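Subject: The structure, and what I found in it

Hello,

Here is the structure for you to look at. Please open it next to this message and follow along as you read.

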Amino acid sequence: AAAVRNLCAVRRKMARRLFADLPSSAEVADGGGRRARKNSELWPVGAAYAKLMDVVDAVTDSEPYLRAMEIRDAVAPYRASAWAFLSSASWVLSTSFLVIGLPLLFEMDRELNETPGGAGGDVGGTEPAPGSTT
């Protein structure tokens, strides 16, 4: 228990050092809203956040984005039935492979590795050297 308390104290000290240069929440300008822009002099992330929101606004107001949203809305009634069909089809294909395909692959592998004498080894082995007794 003492080790856990010590670890928590160390973490608190590290957090204080890490966030020491950031302003408190009272110093941050209140914009009121989800996309409120924070004062970039007080909050270093505010400038980057504002630029990101400008990009998001530019993309969401573009013609290709609006067209994609129209297509999404037109396809929405068929989405559930397509998902049900594709999930059923994938289940059938995967179980069929497990039941039929894997045993077939194992059998083909076994047949390819057998020699006519039944001793095993590579197919098409080399001929014995002249003068050998085998």
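Below are my notes, starting with the whole chain and then going down to side chains.

Please keep in mind that this is a predicted model. The average pLDDT over the chain is 75, and 54% of the residues score at least 70. Confidence is lowest in helix α1 (residues 2-18), with a mean of 67, and highest in α3, with a mean of 93. Most of the details below concern helix α3, which covers residues 63-113.

**The chain as a whole**

The secondary structure consists of three helices and zero strands, giving the pattern α-α-α along the sequence. How much of the chain is buried? Of its 134 residues, 5% are. The accessible surface comes to about 11,700 Å², and carbon and sulfur atoms supply 63% of that area. As for contacts, take those between residues at least 6 apart in sequence: 0% of them join residues at least 24 apart.

**Salt bridges**

Side chains of opposite charge can pair when their charged atoms come close. How many salt bridges does the model have? The count is three, and you can find each of them as follows.

- Arg67 and Glu70 pair through their side chains, with 3.3 Å from N to O. Both residues belong to helix α3 and sit three residues apart, about one turn of the helix. Arg67 has a relative accessibility of 47%, so it counts as partly exposed. Glu70 is partly exposed as well, because its value is 48%.
- Arg72 and Asp73 form another salt bridge, and their closest N and O atoms are 3.3 Å apart. Arg72 has a relative accessible area of 44%, which makes it partly exposed. For Asp73 the relative accessibility is 49%, so this residue also falls in the partly exposed class, given that exposed would require over 50%.
- Glu107 and Arg110 make a salt bridge in which the closest N and O atoms are 3.2 Å apart. Here too the partners lie in helix α3, three residues apart, or about one turn of the helix. Glu107 is partly exposed because its relative accessibility is 32%, while Arg110 is partly exposed at 48%.

**A tyrosine in helix α3**

Tyr65 is another residue of helix α3. Is Tyr65 exposed, or is it partly exposed? Its relative accessible area is 31%, so Tyr65 is partly exposed. Which residues does Tyr65 touch, once those up to four places away in sequence are set aside? They are Val59 and Thr60.

**A nonpolar patch**

There is also a nonpolar patch on the surface, with an area of about 710 Å². Which residues make it? They are Phe97, Leu98, Val99, Ile100, Leu104, Leu105 and Met108. One of them, Ile100, lies in helix α3. With a relative accessible area of 57%, Ile100 counts as exposed, because the class begins over 50%.

**If you only have a minute**

Begin with helix α3, where the mean confidence is 93. Look there for the pair Arg67 and Glu70 and the pair Glu107 and Arg110, and then turn to the nonpolar patch that includes Ile100. When you come to helix α1, remember its mean pLDDT of 67.

Happy browsing, and do write back with any questions.

Best wishes

Key: Residues are numbered from 1 along each chain as its sequence is written. This is a predicted model: local features need pLDDT of at least 70, side-chain atom pairs count only at pLDDT 80 or more; totals for chains, interfaces and linings use all residues. Side-chain values use heavy atoms; hydrogens and water are left out. A salt bridge is a side-chain nitrogen of Lys or Arg within 4 Å of a carboxyl oxygen of Asp or Glu. Helices (H or I, at least four residues) and strands (E, at least two) are DSSP runs, numbered from the N terminus. Buried means under 20% relative accessible area, exposed over 50%, partly exposed in between (1.4 Å probe, protein chains only). Contact means heavy atoms within 4.5 Å. Patches are made of residues with over 30% relative accessible area and no salt bridge: like charges are joined within 9 Å, nonpolar side chains (Val, Leu, Ile, Met, Phe, Trp, Tyr) within 5 Å. Accessible areas come from the Shrake-Rupley method with a 1.4 Å probe; for residues, only the protein chains shown count as cover. pLDDT is the predictor's confidence in each residue, from 0 to 100.
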